Amino acid sequence: MNPGYAGRTELPENLKALFRSCAMVVPDITLICENMLMAEGFSLARELSKKFWCLYSLSKSLLTDLIHYDWGLRAVKSVLRQAGGLKRAEPDEDERLILMRGLKFFNKPKIVSQDWPIFCDLIDGLFNGLEADWFSDPILEANLIAAAKHYNYQAKVGDGLVAKAIQYHEILGVRHSVFLIGNPGTAKSAIWKTLAKAYNIGGYTGKPEWDTKIAIIDPKAVTSNELYGFVNPKTKDWKDGCLSVIMRNMNKCNPPFKESQKQKWLVLDGDVDPE
């Protein structure tokens, strides 16, 4: 049980009475940001940490209250790690520009269109109108266009399907698990199929055998026990579920998976369910 968490129940009153109450304090996010920025090599860590947390606290209060928005410590750490990677890639670049670029690039995929102008105005105000150019990868963009044509999708550079696929590519660089959410017919499946096909075009990596292998499960088509696995109550033996079998095969490179496959995706194609 986890009170206040989606899919969980509140503790019964008679059980609450058995627990001693404990005082909690809100962590000092600004100080955490400052330490992490210093660890990533930023010399303007104190100044940038204040801007960073100011942006996130304002975003939490001014942007739409959507379930997939996260302006807490977990999101802060992910962006700071990405900013550290940008800093090491361009050590002589202005540190404010590097952090601004990281904040824009990492948050763009999850912010809905009506909130994006507000978020950009907040960033421009905090960073005194600095201009951050989007990263471009001409080879990946060309491969995405070719992959979209293969599936008979409409695509052009800088807009629609290609833009979302590039955002998905960037998020995969810093996250092990990614949600593609939206209403039916909003190209969620088209995005990951196009990116996977673009990866498989040998010109992108220089290795024709570099393959993206995908296993697709509809989690609502099977029971929880069949999905995750369970312990047989009679024999006390463990019975594998779909996820257990597929992930073991991916890890051990059992057929159809191979060591040359850098990307192995397990796609749960269905409704988001907290349970």
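Which backbone oxygen does the side chain of N143 reach? In this predicted model, the side chain of N143 gets to the backbone oxygen of A198, at 3.3 Å.

**View 1. N143 and its partner A198.** Here we're looking at helix α7, which runs over residues 138-150 and has N143 in it. N143 is buried, its relative accessible area being 8%. From there, the N143 side chain and the backbone oxygen of A198 sit 3.3 Å apart.

**View 2. Helix α2 crossing helix α4.** The players are α2 (residues 29-39) and α4 (residues 73-89), whose axes come within 10 Å and cross at roughly 20 degrees. With angles under 35 degrees counting as roughly parallel, that makes α2 roughly parallel to α4. As for handedness, α2 passes α4 in a right-handed crossing.

**View 3. Side by side: the residues where α2 meets α4.** On the α2 side you'll find I29, I32, C33, M36 and L37, and they meet L73, V76, K77 and L80 of α4. Sorted by class, this contact has eight nonpolar residues, one charged residue and no polar ones.

**View 4. The buried residues of α2 and what covers them.** Buried in α2 are I29, C33, E34, M36 and L37. Their cover includes α4 as well as α3 (45-62). Of these buried residues, I29, C33, M36 and L37 also turn up in the contact with α4.

**View 5. What comes after α2.** Past this helix we get to G41, which follows α2 and has a positive phi, near 100 degrees.

Technical notes:
Residues numbered from 1 in each chain as written. Predicted model: local features only at pLDDT ≥ 70, side-chain atom pairs only at ≥ 80, totals over all residues. Heavy atoms only, no water. Helix = DSSP H or I, 4+ residues; strand = E, 2+ residues; numbered from the N terminus. Buried < 20%, exposed > 50% of the residue type's maximum accessible area, 1.4 Å probe, protein only. Polar contact = N/O pair within 3.5 Å; in protein donor to acceptor, adjacent residues only side chain to side chain. Axes fitted to C-alpha atoms, helices over the stretch in contact; angles between N-to-C directions. Parallel < 35°, antiparallel > 145°, perpendicular 65-115°, else oblique. Left-handed = near helix turned anticlockwise from the far one by under 90°. Contact = heavy atoms within 4.5 Å. Nonpolar A, V, L, I, M, F, W, Y, C, P; charged D, E, K, R; others polar.
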